[in-house]
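Okay, thanks everyone, let's get going. I'll put the structure up, and then we'll walk through the cores, one helix and some strands.

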Amino acid sequence: MQHPEQPRPVILTGDRTTGPLHLGHYVGSLKNRVALQDSHRQYLLLADAQALTDNAHNPTRVRDNVIEIVLDYLAVGIDPMLTTICVQSHLPALSDLTLLYMNFVTVARLERNPTIKDEIQAREFGRDIPAGFLCYPVAQAADITAFKASIVPVGEDQAPLIEQTNEVVRRINRQAGHDVLLEAQALIPPVGRLPGVDGKEKMSKSQGNAIPLSATPDEIRDAVRRMFTDPNHLRASDPGCVEGNVVFTYLDAFDNEQAVVADLKDRYRRGGLGDSVVKERLDNVLQALLAPIRERRRALARDPGYVISIVKEGTLRSRELTNSTLKEVRTALGLFMLE
Ligand code: ATP
Ligand code: MG
């Protein structure tokens with residue numbers, strides 16, 4: 001228990017509004033967010049401005065997924081009484097801070113960011129990288145610092161971005177001559193990067209290899225059936241490989257009975273256990289996990305007015321906080337102020 005008078009540490013994290021949330025989000029970040037909302041002051045950012053950096057040609061996608069993601073949040077157990085949910089594009093202080101921080105980062109440093117490098121490759125941008133995309137780590141620094149967050153629950157792919165945020169923080173603090181901004185710490189869970197159903201190293205909304213939290217029972221079954229296993233495990237009697245076998249990776253991440261999983265792994269390695277048996281187990285585990293989430297989501301979707309009111313209220317509250325941080329940073333840097 002936190003002492004009631006002690007300020008609770010602030011969490012800021014969020015999701016690009018590029019598609020509904022998936023199992024990777026669940027293990028990578030949502031579980032931590034639900035667990036921490038009681039003991040922390042938590043803000044969740046619907047990152048629609050960041051989503052636009054690689055979706056400028058498809059604003060409808062970016063818009064429509066704002067509410068889809070709020071439904072996912074509420075369905076997994078985010079409580080709007082404990083967590084503030086807000087929209088990035090409606091917090092002008094975030095853009096102001098981004099513009100300011102851009103002067104404290106070099107293009108070379110942005111190009112060296114390993115996550116950005118991977119994402120540029122995955123999106124096949126070549127040399128045609130949208131400037132907004134290259135600079136989104138700076139916007140992320142603005143997001144985290146504007147909320148004065150010290151903890152950021154994220155998947156492993158975000159670690160280099162938090163590192164870059166902290167570099168900006170140190171530069172601004174050095175220029176200001178005192179610590180106006182806080183450094184933040186990434187909180188990465190044991191399964192920091194869930195692979196895609198196709199065996200690619202990361203399940204991503206943009207890669208078409210995800211199982212959404214809203215998947216129907218048939219969609220779950222289909223995805224598990226098509227899931228990448230050991231390509232050399234042709235007959236059930238053959239010894240199989242567990243490492244890199246997505247079905248086992250998912251069992252590690254989602255099956256609560258790890259002793260059963262360990263036994264299945266032994267039998268699979270020795271030979272004599274067919275893919276279909278392991279897949280059936282995974283199908284049961286995922287159906288049980290997702291059924292209540294899907295039901296809650298469906299019920300909430302019937303009340304769009306309620307969902308919108310949560311986002312409106314959260315965004316208004318966040319606007320005050322982020323505006324006040326912007327003012328502090330401008331003052332600390334000794335910039336011109338009219339009031
Ligand atoms: P996009 O493909 O549009 O980038 P995404 O699936 O990568 O979408 P984001 O909105 O970029 O999702 O990420 C939101 C949060 O979820 C981040 O903290 C990220 O680290 C985490 N996350 C996303 N995918 C995974 C995954 N496969 N495993 C673990 N964490 C993940
Ligand atoms: Mg991503």
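So, the largest nonpolar core here has 50 residues, and the ones with the most contacts inside it are Leu23, Ile211, Tyr250 and Phe254. Helix α3, residues 59-76, is the top contributor to this core, with 8 residues. Apart from that core there's another one, of 44 residues, including Leu12, Tyr101, Phe133 and Leu181. Keep in mind that this is a predicted model.

Let's zoom in on Phe254. Leaving out residues up to four places away in sequence, Phe254 touches Leu23, Tyr26, Val27, Leu194, Val285, Leu286 and Leu289.

Next, helix α10, residues 217-225. Which of its residues are buried? They're Ile220, Ala223 and Val224. Looking down the axis of α10, those buried residues fall within an arc of 95 degrees, so they line one face of the helix. That fits the usual geometry: an α-helix has 3.6 residues a turn, so residues three or four places apart point the same way. And what do the buried residues of α10 pack against? That's α13, 275-301. Over on the other side of α10, Asp218 and Arg225 are exposed.

Now the strands. β2, residues 41-47, is mostly covered, with 6 of its 7 residues buried. Strand β1, residues 10-16, runs parallel to β2, and 7 bridges join the two; Asp15, for instance, has Leu46 in β2 as its bridge partner. Put helix α1, residues 23-36, together with β1 and β2, and you get a right-handed β-α-β unit. β2 also pairs with strand β3, residues 83-87, in the parallel sense, over 5 bridges. There, the bridge partner of Tyr43 is Thr84 in β3.

Note on methods. Residues are numbered from 1 along each chain as its sequence is written. Chains are lettered from A and ligands numbered from 1 in the order in which they are written. This is a predicted model: local features need pLDDT of at least 70, side-chain atom pairs count only at pLDDT 80 or more; totals for chains, interfaces and linings use all residues. Side-chain values use heavy atoms; hydrogens and water are left out. A nonpolar core is a set of buried Ala, Val, Leu, Ile, Met, Phe, Trp, Tyr and Cys residues joined through side-chain atoms within 4.5 Å. Buried means under 20% relative accessible area, exposed over 50%, partly exposed in between (1.4 Å probe, protein chains only). Helices (H or I, at least four residues) and strands (E, at least two) are DSSP runs, numbered from the N terminus. Contact means heavy atoms within 4.5 Å. The arc is that of the directions from the helix axis to the C-beta atoms. Two strands pair if DSSP finds at least two bridges between them. A crossover is right-handed if, with the strands pointing away from the viewer, the path from the first strand over the helix to the second runs clockwise.
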